[in-house]
Amino acid sequence: MRHEIRISGFGGQGVVLAGYLLGKAFSLYQDFEAVMTQSYGPEARGGASSANIVVADRSIAYPFVQHADIFIALSQEGYSRFRDETIAKPTVLIDQDLVQPREGDTVQGVEATKLAEGLGRRIVANVVMLGFLCASTDIVKREALEEAIRTTVKQSVIPLNLEALALGYMQKELAGPA
């Protein structure tokens with residue numbers, strides 16, 4: 001098993017934190033090999049950014065994402081910039097209020113930012129999306145993501161992040177199969 005995952009968005013959306021949480025869930029709580037790299041423009045806040053995760057059940061010889069098989073877009077700029085750097089038929093997850101997919105692209109969408117705003121903190125849209133990823137694929141276990149959250153974010157925001165993860169997970173269950 002080997003997957004290449006790219007999470008894209010703009011600076012300030014927590015893209016790098018989402019990648020870190022996902023990599024930590026894989027490597028510490030699911031016993032996989034995982035490596036994460038990150039990319040962002042000189043603007044940092046507001047410019048396109050990405051977190052790139054390679055996960056495998058064996059040693060990873062090449063740690064960079066070349067053609068993502070799972071692509072997550074939290075912004076239109078991230079989608080436009082990185083969409084072509086995927087395999088022919090990737091799993092594509094988008095924040096459906098912020099990303100307009102190109103015609104003919106098969107995507108699964110969730111209102112991640114809107115749901116996060118409903119929780120009172122727009123910044124947890126990244127974690128809503130991780131919950132949606134967890135429910136949409138069998139790549140990462142929810143319990144592993146929960147433990148990654150508990151051991152990474154500040155104690156004061158653990159409940160909010162766990163709620164955001166559960167909310168994203170629930171959205172896939174409500175939508176049914178893709």
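**Salt bridges and helix α1**

E111 forms a salt bridge with K114, and the closest N and O atoms of that pair sit 4.0 Å apart. E111 itself is partly exposed, at a relative accessible area of 27%. This comes from a predicted model. Counted by the usual cut-off of 4 Å between a Lys or Arg side-chain nitrogen and an Asp or Glu carboxyl oxygen, the total comes to 9 salt bridges.

Another of these links the side chains of R6 and E85, with an N to O distance of 2.9 Å. R6 belongs to strand β1 (residues 2-10), while E85 sits in the loop between α2 (76-82) and β5 (86-95), so this pair ties together parts that are 79 residues apart in sequence. The two partners differ in burial: R6 is buried, with 5% relative accessible area, whereas E85 is partly exposed at 33%.

A salt bridge also turns up inside a helix, where the side chains of R142 and E146 meet at 3.2 Å, N to O. Both residues lie in α5 (residues 142-150), 4 residues apart, or about one turn of the helix. In an α-helix there are 3.6 residues a turn, so residues three or four places apart point the same way. R142 counts as partly exposed at 27% relative accessibility, and E146 as buried at 19%.

Then there is helix α1. Its 15 residues (15-29) reach 20 Å from first C-alpha to last, close to the 21 Å expected. The buried residues of α1 are V15, A18, G19, L21, L22, G23, K24, A25 and F26. Just past the end of α1, D31 takes a positive phi of about 60°.

Key
Residues are numbered from 1 along each chain as its sequence is written. This is a predicted model: local features need pLDDT of at least 70, side-chain atom pairs count only at pLDDT 80 or more; totals for chains, interfaces and linings use all residues. Side-chain values use heavy atoms; hydrogens and water are left out. Helices (H or I, at least four residues) and strands (E, at least two) are DSSP runs, numbered from the N terminus. The expected span of a helix is 1.5 Å times one less than its number of residues. Buried means under 20% relative accessible area, exposed over 50%, partly exposed in between (1.4 Å probe, protein chains only).
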